[in-house]
Amino acid sequence: MAGWVTLLWVLEAVDTASGHALDTFGVSPRRPGELRDVVPAAFVHFGFDHLAANSVPLLILGFLAALSGMRRFLAVVVVIVLAGGLGVWLTAPAHSTTGGASGVVFGLFGYLLARGFVDRRAGDIAVGALVAVVYGSLLWGVLPTTAGISWQGHLFGLLGGVAAAFAFRRPRDEREAAATVRARRTWQA
């Protein structure tokens, strides 16, 4: 995660040095040619303040999500980026441009909240509860309350994260085996 966040800072430095040339990789809605920017939009920011606001939650939530395995984490992030970017492309106001990792932040938040319940793992439920306590105020960001902030990216990122929790849940046999082991430990105690 530190490498990812470092990459985002390097990209913003290049963007600033180039007169904001990378800002063109943000998503402008309902233009077919802009579909190619759905993925890169998650990596460009509109200033260092924008990037700073995303960096710490991305580090923390990304680290927690990656604990379930790198392959699963990467698949989850792909779903979140696509859901958030396509949601913005479909619903953002005309003549706007959206970019930034906040859709990924909201997606990881949603993923961590849902993962424990979907996988039926007490540890993941506890992580989700902790995330809810620390970052629960993020949910206000899915409401259209602040001009210039893409609530669409936040909302569709969040929905993408919840969908990813279901799409990449542990196989039923693995969940049942874990439940059986827990039941045996309880019975033996």
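How many residues does helix α4 have, and how far does α4 reach from its first C-alpha to its last? Select residues 102–119: α4 has 18 residues and reaches 25 Å, close to the 26 Å expected at 1.5 Å a residue. The expected span is 1.5 Å times one less than the number of residues, and helices are DSSP runs (H or I, at least four residues) numbered from the N terminus.

This is a predicted model, in which local features need pLDDT of at least 70, side-chain atom pairs count only at pLDDT 80 or more, and totals for chains, interfaces and linings use all residues. Residues are numbered from 1 along each chain as its sequence is written, and side-chain values use heavy atoms, with hydrogens and water left out.

Next, select Leu113, where a kink of about 25° in α4 is centred. The bend at a residue is the angle between axes fitted to the seven residues ending there and the seven starting there. Now show the surroundings of α4: 16 of its 18 residues are buried, so α4 is largely enclosed by the rest of the structure. Buried means under 20% relative accessible area, exposed over 50%, and partly exposed in between (1.4 Å probe, protein chains only).

Step just past the end of α4 to Arg120, which takes a positive phi of about 55°.

Then add α5, residues 122–135. Among the α4 residues that meet α5 (contact: heavy atoms within 4.5 Å) are Phe109, Leu113 and Phe117; the α5 side includes Ile125, Val131 and Tyr135.

Last, select Pro40, in the loop between α1 (2–17) and α2 (48–66). Pro40 is partly exposed, with a relative accessible area of 24%. Add Gly100: the two are 60 residues apart in sequence and 9.0 Å apart in space, C-alpha to C-alpha.

Note on methods: Helix = DSSP H or I, 4+ residues; strand = E, 2+ residues; numbered from the N terminus. Axes fitted to C-alpha atoms, helices over the stretch in contact; angles between N-to-C directions.
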